[in-house]
Amino acid sequence: MSLNLEDVARIALLSRIELSPAERASTRDQLNGILGFIEQLQAVDTTGIEPMAHAVDVVQRLRPDVVTETDRRADFQAVAPETEAGLYLVPRVVE
Amino acid sequence: MNRETQWEVVIGLETHAQLQTKSKIFSGSSIAFGAEPNMQANAVDIALPGVLPVLNREAVVCAIKFGLAVGATIAPRSVFARKNYFYPDLPKGYQISQFEIPVVQGGGLSTRVGTGDTATEKFVHLTRAHLEEDAGKSLHEDFHGRTGIDLNRAGTPLLEIVTEPDMRSSAEAVAYARALHSLVQWIGICDGNMQEGSFRCDANVSVRRPGEPLGTRREIKNLNSFRFMQQAIDFEVQWQINEINEGRPIRQATVLFDPDTGETRAMRSKEDAHDYRYFPDPDLLPLEIRPEWIAEVGAGLPELPQAMQQRLQSEYGLSAYDAAILTGSRAMADFFSVAVGQTGAASAKLVANWVMGELAARLNR
Amino acid sequence: MSDLFNSSLRELSAALAAKKVSAVELASLFLDRIDRLNPGLNAFIALDRDKTLAQARAADEVRKIGAGVTAISPLCGIPLAHKDIFCTKGWRTSCGSKILENFVSPYDAHVVEKLAAAGMVTLGKLNMDEFAMGSSNETSYFGPVQNPWDVSRVPGGSSGGSAAAIAARLAPAATGTDTGGSIRQPAALCGLTGLKPTYGAVSRYGMIAFASSLDQAGPMAKSAEDCALLLNAMAGFDPRDSTSLERSTEDYARDLEQPLAGLRIGLPKEFFGEGMDADVRAAVEAALAEYRKLGATAIEVALPNSGLSVPAYYVIAPAEASSNLSRFDGVRYGYRAPEYDDLNDMYSKSRAQGFGAEVKRRILIGTYVLSHGYYDAYYLKAQKIRRLIAADFVEAFKHCDVIMGPTSPSVAFAFGAKSADPVQMYLSDIYTISTNLAGLPGMSLPCGFGNNNMPVGLQIIGNWFGEAKMLNVAHQYQKATDWHLRMPSLAGAAQ
């Protein structure tokens, strides 16, 4: 599997990472180098093997339904790029 | 020949029911409605670096109750997955949901379409119901042309209930939505408040000529009243038929219903090709639900509307229609039960008529 | 007092208990060393003398008032430094990235909380590869860290700041995190002892996520005994982390003094094949000879799928990272591009300008392997191979108590030697990655010197929850040898 420039542009859009046209070409080459390395996985027969998503074989622990939090808006918004009236501001979203 | 009779309408509904817990699905923040912006958004809800989700037990109890109420399979092991996309009301850049293995699988809901003697029975099959977190809210009011983000709602527990494409008219869709709305309140998992967004429906609508494969669907988002649902589906159906008749193929899209114009229109923000890159959330382990837990939750469920309808017919000789009306809401059913307990079974029909007529009319005033 | 900068944690604890030194004096001693030596090493990227000394004064108070009243942790008053991946309330927590350059954390990570509760004093925050993605510390936005043994060489990564700080005796101990070798490899390259616990032993709450199913925090210090003491304070159940394991508290130092007679050491033939430099091999072989003298026997074991661990890791880790790093979007905290057209442009520019090249590469790879049409071929495939790799270890541990091998295929390399070719860099972690995939504990301890007099690390891999055994095995070796006591000349000359 080898990526072309359009693939790179699509992945960059999904990732929300701007790439200049020049970066796109070098990124393509680097990603193809890594994908070429990863490609060796395809040769392994994994028929009937259960995928392993977690490092430990335990089940989800459940939290009691209790409100434990108090308002810390001022602390949290102290590090925010742009706020007003307690809201985080972003460029206008058009629905 | 009426052009419309050539067309079959196919509707599937996805409903987001906000679960009646005290705290959020993955954090200890309150989910009470109406707080000042971002005052009920803790470190987990605003996705500070390093924070982690822990599942609220009560949200799972709600899912089990629902599964039992619709005769579904409750998965002994289900998996939380990340749905990845960027949006300012989605702080982590992904929504924690369930994808390949949902907690509730199958089941269905019997509904009555129409009124009086002409009413017909319709059984709507459910595909699944899964647990997920709600997103925050975007406020487009005047912030110098910018959008304000309130994350109080982010992380509110939702049960997303998905039907098969079983409904063939807006009337059937509304009948199903009403029955579901009544059921989730009946079993006490959702307050059903549609104005506050506790119960929201998305309708997947397509049209086809009978016998043909399913047409391309468009999804009408965020229908927050039954009346709008009916109007939106009716408009959408007519629009799709017109488009096809004009030779324009339907393209899959997400649309919004504008109550002021009565029209649906495609959402601009959803134009990007979506690729949600679902994968199992490594921060959450598989959810295990043992049979003993299901039995325990089942023992606490009230008599369900279906069972009660049967009982009202056999015990009091009420008609199927009357029984359905009386079990239309938990409050009405409870009122009837108490009243008939006072007056005796002999006057059940009288009490039923009074509850459905006089009382209902006064309550509606 | 003058030699305290090179003391073990037990010695420091004894000195504090005997009032030979105060926590404030100790903290000042290290802060002064940092002032002198850090400019040439770049190990610390955040310092706050007032905060540090306030914490030290509090520790002195606890030792004074608490004596005889409450149980005082042996670590009370001992300074340490945190890898900048741990959220530390009131401290800039950057994760080595421009995107968090101005992020002052409003909360403490569980590990930070626990060590502070034990009375440990925070000296500052340590440099690291950006978002822990790197094996040389060259990806940090704040510049590379120099290896105190030879400042023209890398300290390893991603916990390179932690390793360099301890090696230069700027801190007696530090926290680290290990996703594919990020504690063990820099420990090896800087001549230290570092331990990655079993996945789930230490809470990940407040540790900025790289690859959630692989990340694990652990101690870095000069000796196994120091690591045991630190792990006692770091480990333990945390209800805020769903993957934190509910186990009864254990004393990781309990078996340190057990003799090694009868110990079965598994040597995976895959770890001793080609790819390991001759100087590393010689030091590791010598260490194994030492273990035989201590009564251990070596058995060959097989980890037939371990060769697949690096490619499987470079699917799984970027996939998880691509999602974990989506929260850095310039909306609620972190860097926001100064100029943009609309919302998507703001996202794309903020992330393009805020993340470094390696981080972006991994996000893109991760996005790709999860994307429609490729998920099964890459992500699911890698998850299946992950199970095969874990199963190999289950089989191997039927025949041995611990597994040993090299930590890194080479000693510390020169700056720039591997940074041009990502895959070459990825292969620096060839011996460490499989334990993360399996969730096993692993550690590295110094076992000699290789070319150019650079330290070599011996890796010990334990069975699941076998930390106490690993520490025992390492401690007995350190009682018989003195590699762990060696110090770079730069550290000694500073006195």
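Here are some short exercises with worked solutions on a predicted model.

**Exercise 1. Cysteines and disulfides**

Find out how many disulfides the whole structure holds, and look at the surroundings of B:Cys201 and C:Cys227.

Solution.
- Step 1: Start with the search over all chains, which finds zero disulfides.
- Step 2: Check B:Cys201 against the nearest cysteine sulfur, which belongs to B:Cys190 and is 10 Å away. A disulfide needs two cysteine sulfur atoms within 2.5 Å, so B:Cys201 is in no disulfide.
- Step 3: Do the same for C:Cys227. Its closest cysteine sulfur is in C:Cys190, at 14 Å, and that is too far for a bond.
- Step 4: Now ask how much of each residue is accessible. B:Cys201 has 0% relative accessibility and counts as buried. C:Cys227 is buried too, with a relative accessible area of 0%.

**Exercise 2. The overall build of chain B**

Decide whether the radius of gyration of chain B agrees or disagrees with that of a compact globule, and describe the chain around that result.

Solution.
- Step 1: Take stock of the secondary structure: chain B has eight helices and 18 strands.
- Step 2: Apply the globule rule. For 365 residues a compact globule would have a radius of gyration near 21 Å, and chain B has 22 Å, so the two agree.
- Step 3: Look at the outer dimensions. Along the principal axes, the C-alpha atoms of chain B fill a box of roughly 65 × 55 × 40 Å.
- Step 4: Turn to the interior, where 58% of the 365 residues of chain B count as buried.
- Step 5: Consider the contacts with a separation of 6 or more. In chain B, residues 24 or more positions apart account for 69% of these.
- Step 6: Finish with surface and charge. Chain B exposes about 15400 Å², and carbon and sulfur atoms supply 50% of that area. The chain carries 36 positive and 45 negative charges, whose mean positions are 0 Å apart.

**Exercise 3. The surroundings of B:Arg200**

Work out where B:Arg200 sits in chain B, whether it is buried or exposed, and which residues it touches.

Solution.
- Step 1: Locate the residue: B:Arg200 lies in strand β13 of chain B, which covers residues 199-208.
- Step 2: Compare its accessibility with the cut-off. Buried means under 20%, so B:Arg200, at 11% relative accessibility, counts as buried.
- Step 3: Leave out residues up to four places away in sequence and list its contacts. B:Arg200 touches B:Glu14, B:Thr15, B:His16, B:Asp134, B:Arg153, B:Leu158, B:Asn222 and B:Leu223.
- Step 4: Pick out one of these partners, B:Thr15. B:Arg200 and B:Thr15 are 185 residues apart in sequence, yet their C-alpha atoms are 5.6 Å apart in space.

**Exercise 4. The overall build of chain A**

Give the order of helices and strands in chain A, and explain what its radius of gyration says about its build.

Solution.
- Step 1: Count the elements: chain A has three helices and three strands. Along the sequence they follow the pattern α-α-β-α-β-β.
- Step 2: Apply the globule rule, which gives 12 Å for 95 residues. The radius of gyration of chain A is 22 Å, well over that value, so chain A is more spread out than a compact globule.
- Step 3: Add the span of the C-alpha trace, about 55 × 45 × 25 Å along the principal axes of chain A.
- Step 4: Check burial and contacts. Of the 95 residues of chain A, 43% count as buried. Among its contacts with a separation of 6 or more, 29% are between residues 24 or more positions apart.
- Step 5: Close with the charges: chain A has 9 positive and 16 negative side chains, and the centres of the two sets lie 5 Å apart.

Definitions and conventions. Residues numbered from 1 in each chain as written. Chains lettered and ligands numbered in written order. Predicted model: local features only at pLDDT ≥ 70, side-chain atom pairs only at ≥ 80, totals over all residues. Heavy atoms only, no water. Buried < 20%, exposed > 50% of the residue type's maximum accessible area, 1.4 Å probe, protein only. Helix = DSSP H or I, 4+ residues; strand = E, 2+ residues; numbered from the N terminus. Rg over C-alpha atoms; globule rule 2.2 N^0.38 Å. Contact = heavy atoms within 4.5 Å. Areas by Shrake-Rupley, 256 points an atom, 1.4 Å probe, with all protein chains shown as cover. Lys, Arg positive; Asp, Glu negative; His and termini not counted. Charge placed at Lys NZ, Arg CZ, Asp CG, Glu CD.
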